Amino acid sequence: MSSSKIEHLLNYFENYWAIESSTVKILDECVTERKLKRKESILTEGEHCNHLTFVVKGILKTYHIDKKGNQHNLQFASNSKWLTDFNSLYNNIPSGLYIQAIEPSIILQIKKEDLFHLYDNSPLFDRNMRIVTEEAFIEQQERVLQHISSTAHERYLYFLKRYPNLSNRISNVQIASYIGVTPEFLSTIRKKIAVERSFS
């Protein structure tokens, strides 16, 4: 019998392969629930990433700060999405990223050692998480292609497609950082799109 703590996680797995009952018990024991305040971080640059994180409620962002102090948003994660620094997690190296809550959030975290134990002992959990990892790789690949081959206008449309429920919950500053423009230029893009849609 599982606790309500991992109910959202079990519902998520129902979209793929429902995990074994023995794994449910392990998850219930090893998953940690955390409530985050706005702007609270779960990873900062230089730390080792030791958790895989599942968002139950709220929004988190993954970002990098360059040598000039400019912030570059790389990913947003809201309800039923995963995030981590895979490079730091799997290669045991200091992270070059920050992960922070944009709004008050509830997350579930699995420690690295528990994650690897689940991979080894639960074929269905391993299969599900392979899909999660593959989807994360595809998302990052699409993002790289967007930045090297698309206009700012196209990158904003990609953001709307990728995060259809977040445009009204994330500030212009955050979105502008994600698509690589100033907030003022983002406003220009939005006005242009509004005009185009009014004539369509």
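This text walks through the fold of one protein chain, from its overall form to a few chosen parts. The model is predicted.

Start with the whole chain. It holds eight helices and eight strands. Its C-alpha trace spans about 55 × 40 × 30 Å along the principal axes. How does the radius of gyration fit a compact globule? A compact globule of 200 residues would have a radius near 16 Å, and the chain has 18 Å, which agrees.

Next, look at what is hidden and what is not. Buried residues make up 42% of the 200 residues. The chain exposes about 11300 Å², and carbon and sulfur atoms supply 52% of that area. Charges are part of the picture too. There are 25 positive and 23 negative side chains. The centres of these two sets lie 8 Å apart.

Now consider how the chain folds back on itself. Take the contacts between residues at least 6 apart in sequence. Of these, 69% join residues at least 24 apart. The parts below give examples of elements that meet in space.

Turn to helix α7, residues 172-179. Is this helix mostly covered or mostly open? It is mostly covered, with six of its eight residues buried. They are Q174, I175, A176, S177, Y178 and I179. Several elements help to cover them, including strands β4 (60-65) and β5 (71-77). Helices α5 (123-149), α6 (152-162) and α8 (183-198) are also among the cover. Just after α7 comes G180, whose phi is positive, near 80 degrees.

Two of those covering strands form a hairpin. β4 and β5 run antiparallel and are joined by six bridges. One pairing to find is T62 with its bridge partner Q75 in β5. Five residues lie between the two strands. In this hairpin, G69 takes a positive phi near 90 degrees.

Move to helix α2, residues 21-30. Which of its residues are buried? They are T23, V24, L27, D28 and C30. An α-helix has 3.6 residues a turn, so residues three or four places apart point the same way. The cover over the buried residues of α2 includes helices α1 (7-13), α4 (112-121) and α5. Strands β1 (32-36) and β8 (105-111) also belong to that cover.

Strand β8 leads on to strand β3, residues 51-57. Why is β3 described as largely enclosed? Five of its seven residues are buried, so the rest of the structure largely encloses it. β3 is joined to β8 by six bridges, and the two run antiparallel. β3 is also joined to strand β6 (residues 82-83), by two bridges, again antiparallel. F54 is a good residue to follow here. It stands opposite L108 in β8. In β6, the bridge partner of F54 is W82. In a regular strand the side chains alternate between the two faces of the sheet.

W82 points the way to a last stop, T133. This residue lies in helix α5. T133 and W82 are 51 residues apart in sequence. In space they are 9.2 Å apart, C-alpha to C-alpha. Which residues does T133 touch, not counting those up to four places away in sequence? They are F86 and Y90. T133 has 29% relative accessibility, so it counts as partly exposed. The reason is the cut-offs: buried means under 20%, exposed means over 50%, and partly exposed lies in between.

Terms used:
Residues numbered from 1 in each chain as written. Predicted model: local features only at pLDDT ≥ 70, side-chain atom pairs only at ≥ 80, totals over all residues. Heavy atoms only, no water. Helix = DSSP H or I, 4+ residues; strand = E, 2+ residues; numbered from the N terminus. Rg over C-alpha atoms; globule rule 2.2 N^0.38 Å. Buried < 20%, exposed > 50% of the residue type's maximum accessible area, 1.4 Å probe, protein only. Contact = heavy atoms within 4.5 Å. Areas by Shrake-Rupley, 256 points an atom, 1.4 Å probe, with all protein chains shown as cover. Lys, Arg positive; Asp, Glu negative; His and termini not counted. Charge placed at Lys NZ, Arg CZ, Asp CG, Glu CD. Pairing = 2+ DSSP bridges.
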